[in-house]
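The exercises below each set a task and then work through a solution step by step. Please keep the sequence and the structure in view while reading.

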Amino acid sequence: MARAAAAEAFSRRLGAAVRGLSGAWYNRHMAAADRAIRARLPLVDLVLEVRDARVPATSAFELLHRRSPEEPDVRRLVALNKADLADKSETEKWVAFMKQRGCSCIAVNSHSRESINELLNAVRGRIREIKLGVSDCTGTVLLVGIPNVGKSAIINAMHQIGRIGAAEKGKLKHAIVSSHPGETRDISGYKVASHPNIYVLDTPGVLSPIFANDESGPRLVLTGSGRT
């Protein structure tokens with residue numbers, strides 16, 4: 001009882017502190033990234049949204065909220081990253097829930113080669129479907145998400161193990177990976193696969209200036225996405 005009361009009191013204090021900082025993280029860099037992502041959304045073939053598997057609802061990317069929840073989102077693939085840190089049964093429920101809503105979803109551990117291969121195969125499959133089965137084509141993917149959900153770690157892993165020619169492997173570039181949110185400032189392109197050729201655009205993390213509810217802020221702070 002004492003521990004539960006202490007935890008509840010801590011949660012209230014943390015919630016009050018986060019509310020007091022509401023919108024402080026939404027600086028000019030984040031606003032510029034917001035505009036850049038909005039401009040590119042209609043131009044790419046697929047949107048790969050990365051969420052934190054520990055808080056899949058709270059870490060949803062605000063810009064992708066659709067007008068009609070019942071409308072299948074055929075151009076979006078959701079990756080629930082850090083699945084190794086989350087409750088496996090809860091993650092499985094979320095994957096099933098997203099698929100019921102018409103959105104492809106996969107659990108991911110960015111530090112597992114096997115997991116990244118599964119993600120790459122899912123991206124290839126979605127691109128082939130969108131391109132109507134044409135294998136000799138080029139697909140573009142926009143990688144989006146709030147800060148610190150592991151977007152850069154995912155794109156580096158995909159870039160390393162994707163089916164890229166040996167000559168290109170010597171020219172690999174890497175996205176900055178950091179435990180501090182906001183390290184990615186610009187939109188950069190990376191080739192992650194051949195046959196079909198797939199290029200992923202890595203984008204800065206964007207966090208809405210207003211939280212959906214009082215619980216969202218503390219959850220993001222505790223998982224590392226709300227730090228500034």
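**Exercise 1. A network of charged side chains**

Which residues are linked with Glu49 in a network of salt bridges?

Solution. The model is a predicted one, and in it the network of salt bridges links Glu49, Arg51 and Arg76. One link of this network can be followed in detail, for the side chains of Arg76 and Glu49 meet in a salt bridge with an N to O distance of 2.6 Å. Arg76 lies in strand β2 (residues 76-81) and Glu49 in strand β1, so this pair ties together parts that are 27 residues apart in sequence. As a last step, consider accessibility: Arg76 is buried, and Glu49 is buried as well.

**Exercise 2. Two further salt bridges**

Find the salt-bridge partners of Lys131 and of Asp52, and state how accessible each of the residues is.

Solution. Begin with the total, which is 7 salt bridges in the structure. Among them is the pair of Lys131 and Asp45, whose closest N and O atoms are 3.4 Å apart. Lys131 lies in the loop between α4 and β4 (138-144), while Asp45 lies in the loop between α2 (28-40) and β1 (46-52), so the salt bridge ties together parts that are 86 residues apart in sequence. Because its relative accessibility is 25%, Lys131 counts as partly exposed, whereas Asp45, with a relative accessible area of 16%, is buried.

Turn next to Asp52, which forms a salt bridge with Arg54, the closest N and O atoms being 2.7 Å apart. Here Asp52 counts as buried, at 0% relative accessibility, and Arg54 is partly exposed, with a relative accessible area of 32%.

**Exercise 3. Reading the sheet**

Describe the order of the strands in the open sheet, and then work out which strands stand at its edges.

Solution. The open sheet has 6 strands in the order β3-β2-β1-β4-β6-β5, and its pairing is mixed. Reading this order from its two ends, one finds β3 (104-107) and β5 (188-193) at the edges, each with a single partner strand, so one side of each is left without a neighbour in the sheet. Neighbouring strands of this sheet are turned by 25 degrees against each other on average, when direction is ignored.

The individual pairings can now be taken in turn:

- β1 and β4 pair in the parallel sense over 4 bridges, and Leu142 in β4 is the bridge partner of Val47.
- β4 and β6 run parallel and are joined by 6 bridges, and Asn197 in β6 is the bridge partner of Thr138.
- β5 pairs with strand β6 (residues 197-202) in the antiparallel sense over 5 bridges, with Ala193 standing opposite Ile198 in β6.

**Exercise 4. The surroundings of Thr140**

In which strand does Thr140 lie, and which residues does Thr140 touch when those up to four places away in sequence are not counted?

Solution. Thr140 lies in strand β4. Because 5 of the 7 residues of β4 are buried, this strand is largely enclosed by the rest of the structure; Thr140 itself is partly exposed, with a relative accessible area of 25%. Leaving out residues up to four places away in sequence, Thr140 touches Leu43, Val44, Asp45, Leu46, Ile127 and Tyr199. Thr140 and Val47 are 93 residues apart in sequence, yet their C-alpha atoms are 8.6 Å apart in space.

**Exercise 5. Helix α4**

Compare the expected span of helix α4 with the distance between its end C-alpha atoms, and then place the helix relative to the sheet and to α5.

Solution. At 1.5 Å a residue, the 18 residues of α4 (residues 113-130) should span 26 Å, and the end C-alpha atoms are 26 Å apart, which agrees. Just after α4, Leu132 takes a positive phi of about 60 degrees. The buried residues of α4 are Ser115, Ile116, Leu119, Leu120, Val123, Arg124, Arg126 and Ile127.

As for its placement, α4 lies across β1, β2, β3, β4, β5 and β6, and runs at about 150 degrees to β1. Helix α4 also packs against helix α5 (residues 151-161) at an angle of about 85 degrees, with the two axes 10 Å apart. That angle makes α4 roughly perpendicular to α5. The contact is made by Arg113, Ile116, Asn117, Leu119, Leu120 and Val123 of α4, together with Ile154, Ala157, Met158 and Ile161 of α5.

How values were computed
Residues are numbered from 1 along each chain as its sequence is written. This is a predicted model: local features need pLDDT of at least 70, side-chain atom pairs count only at pLDDT 80 or more; totals for chains, interfaces and linings use all residues. Side-chain values use heavy atoms; hydrogens and water are left out. The expected span of a helix is 1.5 Å times one less than its number of residues. Buried means under 20% relative accessible area, exposed over 50%, partly exposed in between (1.4 Å probe, protein chains only). A salt bridge is a side-chain nitrogen of Lys or Arg within 4 Å of a carboxyl oxygen of Asp or Glu. Contact means heavy atoms within 4.5 Å. Two strands pair if DSSP finds at least two bridges between them. Axes are lines fitted to C-alpha atoms, for helices over the stretch in contact, and angles run from 0 to 180 degrees between N-to-C directions. Angles under 35 degrees count as roughly parallel, over 145 as roughly antiparallel, 65 to 115 as roughly perpendicular and the rest as oblique.
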